[in-house]
Amino acid sequence: MSVLCEIRNLSVTYRGQKIPALNGIDLDVIAGERLAIIGESGSGKSTLARAVAGLLPSGSAMNGKMRWSSGHPLQPGRDLGFVFQDPSASLNPVLTIGEQVAEGARQHLGLSWNRAYSQALDMLQRVHIPEPDKALKAFPHQLSGGQRQRVAIAAALAAKPGFLIADEATSALDMVVQAEIVSLLDELVREAGMTLLFITHDIALASGFADRVAIFKDGRLVESGPTGTVLAAPQEAYTKALIASHRDLSTPPLVREVAS
Amino acid sequence: MTLLSVENLSKRFSSGGRQVAALHDVSFMLAAGETLGLVGASGSGKSTLARILMRLISADAGRIRFDGGDWLALTGPELRRRRAKMQMVFQDVLGAFNPRATVASVLDDPLRIHGIVPKNERPNEIAGLLNRVGLPASYAERSIREVSGGQRQRIAIARAIATRPSLIVLDEAVSALDVSIRGKILELLVELQEERGIAYLFVSHDLAVLRAVSHRIAVMDAGRLVETGTARQVIDNPQSSAARALIAAVPRFATGTSAGISEGHDS
């Protein structure tokens, strides 16, 4: 078990804000693990993702340490892929799908356009886009939301990074598509032995495949540990409340049932 | 007593020169005081159906009877008057409000437009509505932008009940909320229903939310209503592949970790 990134006493305050978005975080990201960062609005979970990826907006004040096993911060696009919540905002509307997926490999792996393009075709197959050769020539608006998110994942993985961050990557999608995308991420990360940082507000969704979970609230780390341990024996009141507020199909309904 | 009946409703949109059936021959009934959960994936037609019901778009074919009358035949002042009985709560509440509005003005509009109470009683009525949805009366003076997402959704509910409707169409009304707030809003909706006999058509892609509040569930797939039954029938014994896919997609705690969820949260 080797630590990929050691985060110590990390605080982030956005420009113009008095209250820090992240406050005194200590957390290790272990190489090859699937780590879920769980929290509600304002918990700081997306700020953590951005800090780790080096994607904080300019003017943000960052204190504390992030020590990478490689000795230097990972380079977004090459060492680290990032999948955002809204694929229509992260894809360029005037470039074809092929150009966008090929770009990463061309730029970071130094492939020719031809090689990068044929690798893009392979990536689209791996994210299970139907008719990938046609999709290469399509524009983002011609695809559904779920297919666009598959393309965004293909683009994030084009340079074969060792580390993938998915920031609420499934929360704008409907449930059926969400389940498909989560299983795709799980499959890709497993095949390539990648490290995955999965940011979500849904503790049950994370429990399905994360090795470890870290629960955030109001910019602080509430607790972290192996998924099974935290879910079976949560130590903190907030974690218990979060688990209790989950609803699934076995939760007793709020209305009286009608006779069939 | 049947409050709403939808008969053979169809709607086509043209997309890139092709005709796409957004709704195909959809029929269902809703009783007074009942909740029908309408579930389906993106593009299944559930929002089109909600918009036709609200008379935001027109249907190509079919009939809607609401409160004993032909709902699609209503026009002008008569439609405006009867609209008080059918209200709507959206997912994106901020987008549904004038951003410059105060909470008081958001609630004053329906009271004034529909003449629910005389002018001098409106401040009292607004205070009562706010209290009813769990907010202090002092919130009336705040700007709609100053309040949190959960509070804004409570205000949207207060606005919807202001006109004393018999039906509220809830379109993904809790999907954008944090889970801890979501449960409280669902509880509020159920309380209001029990107290006032309001019927809900609750449109969502989240079957777990619909399971919590629905008496019956209708499943849509590619513009068709493929299955209708009691909530328990549809979830325990789904007949359509669409229902089975929606059930399988609901996140649940992985096996072996159920200790944490056995604590009831309905108390």
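This is a walk through a predicted model with chains A and B, going from sheets to helices to the contact between the chains.

Let's start in chain A, with the sheet. Six strands, in the order E5-E6-E7-E3-E8-E9, make up an open sheet with mixed pairing. Its edges are strand E5 (80-83) and strand E9 (220-226), each of which pairs on one side only. On average, and ignoring direction, neighbouring strands here are turned by 15° against each other. As background, strands of a sheet pair through backbone hydrogen bonds, either parallel or antiparallel.

Zoom in on the E9 end of that sheet. Strand E8(A), residues 212-217, pairs with E9(A) in the antiparallel sense, over 6 bridges. If you want a spot to click on, Val213(A) stands opposite Gly225(A) in E9(A). Lying across E8 and E9 of chain A is helix H10, residues 237-244, and its direction is at about 105° to E8(A). Keep H10(A) in mind, as that helix comes back when we get to chain B.

Chain A also has strand pairings around E1(A), which covers residues 3-13. One partner of E1(A) is strand E2(A), residues 22-30, paired antiparallel over 6 bridges. Within that pairing, Glu6(A) has Asp28(A) in E2(A) as its bridge partner. Another partner is strand E4(A), residues 61-68, joined to E1(A) by 7 bridges and also running antiparallel. There, Cys5(A) is bridged to Trp68(A) in E4(A). For a regular strand, the general picture is that side chains alternate between the two faces of the sheet.

Now for a helix: H4(A), residues 113-126. How far apart should its ends be? At 1.5 Å a residue, its 14 residues should span 20 Å, and the end C-alpha atoms are indeed 20 Å apart, so the two agree. The buried residues of H4(A) are Ala116(A), Gln119(A), Ala120(A), Met123(A) and Leu124(A). These residues take up an arc of only 150° around the axis, so they sit on the same side of H4(A). What covers them? The cover includes helix H3 (97-109), helix H5 (132-136) and helix H6 (145-157) of chain A.

The stretch after H4(A) is worth a look if you like backbone torsions. His128(A), which follows the helix, has a positive phi near 60°. Glu131(A), in the loop between H4 and H5 of chain A, also has a positive phi, about 50°, although it is not a glycine. Is Glu131(A) buried or exposed? With 9 other C-beta atoms within 10 Å, Glu131(A) is exposed, because the cut-off for that label is 12 or fewer.

Over in chain B, there is an open sheet of 4 strands in the order E2-E1-E4-E5, with antiparallel pairing. Strand E2 (18-31) and strand E5 (69-70) of chain B are the edges, each pairing on one side only. Strand E1(B), residues 2-15, and E2(B) are antiparallel and share 10 bridges. Among the paired residues are Phe13(B) and its bridge partner in E2(B), Val20(B). Helix H1(B), residues 46-53, lies across E1, E2 and strand E4 (61-66) of chain B, at about 65° to E2(B).

E2(B) has a torsion oddity of its own: Asp25(B) is found in this strand, and its phi is positive, about 55°, although it is not a glycine. Asp25(B) has 14 C-beta neighbours inside 10 Å, so it counts as partly exposed.

Another residue to visit in chain B is Val147(B), in the loop between helix H4 (122-132) and helix H5 (149-162). Val147(B) has 18 C-beta neighbours inside 10 Å and therefore counts as partly exposed. Leaving out neighbours within four places in sequence, Val147(B) is in contact with Tyr139(B), Arg142(B), Arg152(B) and Ile155(B).

Finally, the two chains meet. How many residues does each chain bring to the contact? Chain A gives 34 residues and chain B gives 42. On the chain A side, the elements that give two or more residues are helix H7 (175-192), helix H8 (203-207), helix H9 (227-232) and H10. H7(A) supplies the largest share, 4 residues. By type, the chain A side divides into 17 nonpolar, 11 polar and 6 charged residues.

Technical notes: Residues are numbered from 1 along each chain as its sequence is written. Chains are lettered from A and ligands numbered from 1 in the order in which they are written. This is a predicted model: local features need pLDDT of at least 70, side-chain atom pairs count only at pLDDT 80 or more; totals for chains, interfaces and linings use all residues. The expected span of a helix is 1.5 Å times one less than its number of residues. A residue is buried if 20 or more other C-beta atoms lie within 10 Å of its own, exposed if 12 or fewer, and partly exposed in between; C-beta atoms are placed from the backbone. The arc is that of the directions from the helix axis to the C-beta atoms. Two residues are in contact if their C-beta atoms, placed from the backbone, lie within 7 Å. Two strands pair if DSSP finds at least two bridges between them. Axes are lines fitted to C-alpha atoms, for helices over the stretch in contact, and angles run from 0 to 180 degrees between N-to-C directions. Ala, Val, Leu, Ile, Met, Phe, Trp, Tyr, Cys and Pro count as nonpolar, Asp, Glu, Lys and Arg as charged, and the others, Gly among them, as polar.
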